[in-house]
Amino acid sequence: VRQLFALPVLLLIGAAQTVKVEQPSTAMTHTIEIRNFAFAPARLQVAVGDTVVWINRDVVPHTVTDSLARWDSGEIGAGERWTWVASEAGRFSYLCEYHPSMTGTLEVVEAQALPFSILEQSQAESMDVQQRPDAEGSRRDGW
Amino acid sequence: MFRKPDITVLTAAATIALLAAAPAKSQENGPPLNDAQIAHVAVTANAIDIEMGEIARTRGSDERVREFAERMITDHTAVNEQAAALASRLGVTPAANAISGSLRDGAEAAKRTLRAASGADFDRAYMAHEVDYHRSVLQALDQTLIPSTTNGELRALLEQARGAIAAHLAHAERLHASLGSKP
């Protein structure tokens, strides 16, 4: 009888674990292209916990350097990329140290601060990205 | 005291005048430039700024000027390598022409003047040259070279070079202004 009783309990535990694993993460990956000596998009709003990837599409090296020197990519060679995780909220102006006229701005906000419609759209884009291995991520630009 | 290095600026201006006058000269003196000739002008313009950078990275007295010179060498070398790869792929040999020849003559004169300057005078003369040179190349790209190019890949290359030139010009203007005027 104990064995018969234990089986459904184990099944329930297993089901609970499965549900937990399949919970989607709200953290997203955003891509900023460095192309033709400009950051595109030049302004981007992301949530705390999101990942931002800069990809250098130019034939020359660039950097992604925080204007207040809080972080710095170092040299990003032609065709290379650099990844940064938004760990705290704030407004971050950055530039290419090699070409100071190249500037960009990141606004990092708490996830719940994002407008619902934008978050919903971004999550849909993120799911779409996961289905396309060649895609780099989704964006929320021009806030 | 006699002040002489402004000759460099005058030489740079003469070089630039030749480049900026490229469309008029080609229309008055002969047929418009073809793609092979445009490629040669672009490659020559890049090569000249690499050579100027080679001088400035050793003779510059201000660290920022030397770093700028290194950046010019890196960037213009990368653009010219891309141009060489494109020409090879297209089976096109860049063709020397009157405009690239004039550019070369002007550059040699500018280099002689730069080599005669030193210290802060050199820094100011080099950066003044870089401002004028990039401004004129940008103008030539916009008004002549890009609109006249028929091959799509060459046009794309020139448009990418334009981004580099515009970024260099902004950087050069800022750095030149920070050096101040002659005491």
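Select D35(B), a residue of helix 3 (residues 35-59) in chain B of this predicted model. D35(B) is buried yet forms no salt bridge. Displaying R155(B) shows the nearest side chain of opposite charge, which is 7.8 Å away. To see what surrounds D35(B), add S148(B), T149(B), T150(B), N151(B) and L154(B); these are its contacts once neighbours within four places in sequence are left aside.

Remain in helix 3 of chain B and select A39(B). Is A39(B) buried or exposed? Its relative accessible area is 13%, below the 20% cut-off, and A39(B) is therefore buried. With neighbours within four places in sequence again left aside, A39(B) is in contact with P94(B) and L154(B). L154(B) thus appears in the contact lists of both D35(B) and A39(B). A distance drawn from the C-alpha of A39(B) to that of G91(B) reads 12 Å, for a sequence separation of 52 residues.

Next, display D72(A), E97(A), E63(B) and E67(B) together: they gather in a surface patch of negative charge. From this patch, centre on E97(A), in the loop that joins strand 7 (90-95) to strand 8 (103-109) of chain A. E97(A) has a relative accessibility of 48% and counts as partly exposed.

Now show chain A as a whole. Chain A has two helices and eight strands, and its elements follow the order α-β-β-β-β-β-β-β-β-α from the N terminus. Of its 143 residues, 38% are buried. Among contacts in chain A with a separation of 6 or more, 55% link residues 24 or more positions apart. The accessible surface of chain A is about 8,500 Å², and carbon and sulfur atoms contribute 55% of that area.

The tour ends with backbone geometry in chain A. Most residues other than glycine have a negative phi, and most peptide bonds are trans. Select F37(A), in the loop between strand 1 (29-34) and strand 2. F37(A) is not a glycine, yet its phi is positive, at about 60°. This residue is buried, with a relative accessible area of 9%.

Continue to A40(A) and P41(A), where the connecting peptide bond is cis, with omega near 0°. P41(A) lies in the loop between strand 2 (39-40) and strand 3 (43-47).

Finally, select A69(A), in the loop between strand 5 (65-66) and strand 6 (81-85). A69(A) also has a positive phi, near 60°. Whereas F37(A) is buried, A69(A) is exposed, with a relative accessible area of 66%.

Notes: Residues numbered from 1 in each chain as written. Chains lettered and ligands numbered in written order. Predicted model: local features only at pLDDT ≥ 70, side-chain atom pairs only at ≥ 80, totals over all residues. Heavy atoms only, no water. Helix = DSSP H or I, 4+ residues; strand = E, 2+ residues; numbered from the N terminus. Buried < 20%, exposed > 50% of the residue type's maximum accessible area, 1.4 Å probe, protein only. Lys, Arg positive; Asp, Glu negative; His and termini not counted. Salt bridge = Lys/Arg side-chain N within 4 Å of Asp/Glu carboxyl O. Contact = heavy atoms within 4.5 Å. Areas by Shrake-Rupley, 256 points an atom, 1.4 Å probe, with all protein chains shown as cover. Patch = residues over 30% accessible without salt bridge, like charges linked within 9 Å, V, L, I, M, F, W, Y side chains within 5 Å. Charge placed at Lys NZ, Arg CZ, Asp CG, Glu CD.
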